[in-house]
Amino acid sequence: MPPAVSPPESISAPIDTWSTAEVFALFALPFSELLFLAHRVHRDHFPDGDVELATLISLKTGGCTEDCGYCAQSIHHDTALVPEGILPLDTVLASARQAKARGATRFCMGASGRSPSAREMGRYVEIIRAVKALDLETCVTLGMLREEQAQQLKEAGLDYYNHNLDTSSDHYTRIVSTHSYQDRLDTLGRVRKAGIKVCCGGIVGMGESRQQRAELISQLANLNPYPESVPVNHLIPIEGTPLSGADSLDPLEFVRTVAVARITMPEARVRLSAGRRELGEGVQAMCFFAGANSIFYGEKLLTADNAEEENDLALLAKLGLKTRRTTEVKARMPGIAEHDHTRPVP
Ligand code: DTB
């Protein structure tokens, strides 16, 4: 039996580390109690309760040598994906400008591959500089990095590096064979050392147990410091990948995962990421209550379709949730009217 966590007092005490057993005990709380705790932590740390809008683009698609079992972009899997080289700078900038005009504050860029070559790094650095100059927060995910590459990205003005732990260390060996969990931790260490903020989370619904979900959250929460940004993805089963037939996860278990991430990483942006559209409005609403405060906003993720922007804005309006930009603009200019969530931000 995992030790009982006696809510809510135990949560308000400063907790520096989270054992898997403690995290598991959170997962095992009655649903309403878990959500109540998570929401309280959320309110304490994010009194504005705003939601960050982040738009994602695939800078380079497919042709990846890694064999991650969930991914459409691996050369090891027989998916319908057509590989594409690095997008021209102009195309990326047009997309970034559009994302900003529609209300996104963060522009996330993903490039396929085990790790970037020197030539690719040159292109990515140029792109990051140019996007940053548009006054957008920048985030990239480029695979494994060496120390000097992390430094190069920092010098380009990069805000966040996304590199997920994906799942527990023991389950990881069943998902990926071309690199190890330790490789992931090593890159995360180099990103931290370079002074870049860390975006690191996982994917649930890959056939892992609750114990393994608890291990993942414990790993993330015990990173010192824990990530500033924690994407919680729901597996999108992609035809031709080894995980295409994975048993679907109970949506309420997804909500629990979000809640546990919020409680254990109180100051992080918990990102409702891949698979959000498929969760439907009711489950998304519960995730926001449980502490999710960032979403991918835009018609596409990397290769998969995302929720429609109009529908997202309508959902936020229905829930009375403000976007991050609104709050920040209001903080700078008290009295300014809130924007109408049912229409794109001018
Ligand atoms: C993250 O955790 N999720 C994003 C981002 N980081 C790079 C990626 C989601 C991809 C979903 C599947 C696809 O589009 O192929």
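**Exercise 1.** In this predicted model, determine which atom of the ligand a backbone N or O atom of leucine 302 approaches, and at what distance.

*Solution.* Begin with leucine 302: one of its backbone N or O atoms is 2.9 Å from an oxygen atom of the ligand. Next, take alanine 304, where a polar backbone atom lies 2.8 Å from a ligand oxygen atom. Then turn to asparagine 162, whose side chain places an N or O atom 3.1 Å from a nitrogen atom of the ligand. Finally, consider coverage: on its own the ligand has 410 Å² of accessible area, and the protein covers 87% of this.

**Exercise 2.** Describe the surroundings of the ligand and classify the residues of its shell.

*Solution.* First, locate the ligand, which sits in the largest cavity. Second, list its neighbours; among them are Leu56, Thr141, Asn164, Pro231, Asn233 and Phe296. Third, sort the shell by class: seven residues are nonpolar, five are polar and none is charged.

**Exercise 3.** Establish how many disulfides the whole structure contains, and explain why cysteine 199 does not form a bond with cysteine 139.

*Solution.* A search of the whole structure gives zero disulfides. Cysteine 68 takes part in none, and the nearest cysteine sulfur, belonging to cysteine 71, is 6.2 Å away. For cysteine 199, the closest cysteine sulfur is that of cysteine 139, at 4.6 Å. A disulfide requires two cysteine sulfur atoms within 2.5 Å, so the separation of cysteine 199 and cysteine 139 is too far for a bond. As for accessibility, cysteine 68 is buried, with a relative accessible area of 11%. Cysteine 199 is also buried, its relative accessible area being 0%.

Key: Residues numbered from 1 in each chain as written. Predicted model: local features only at pLDDT ≥ 70, side-chain atom pairs only at ≥ 80, totals over all residues. Heavy atoms only, no water. Buried < 20%, exposed > 50% of the residue type's maximum accessible area, 1.4 Å probe, protein only. Near = heavy atom within 4 Å. Polar contact = N/O pair within 3.5 Å; in protein donor to acceptor, adjacent residues only side chain to side chain. Areas by Shrake-Rupley, 256 points an atom, 1.4 Å probe, with all protein chains shown as cover. 1 Å grid on protein atoms, 1.4 Å probe; cavity = no way out; pocket = protein on both sides within 12 Å on 5 of 7 lines; lining within 4 Å. Sits in = over half its atoms within 2 Å of the grid points. Nonpolar A, V, L, I, M, F, W, Y, C, P; charged D, E, K, R; others polar.
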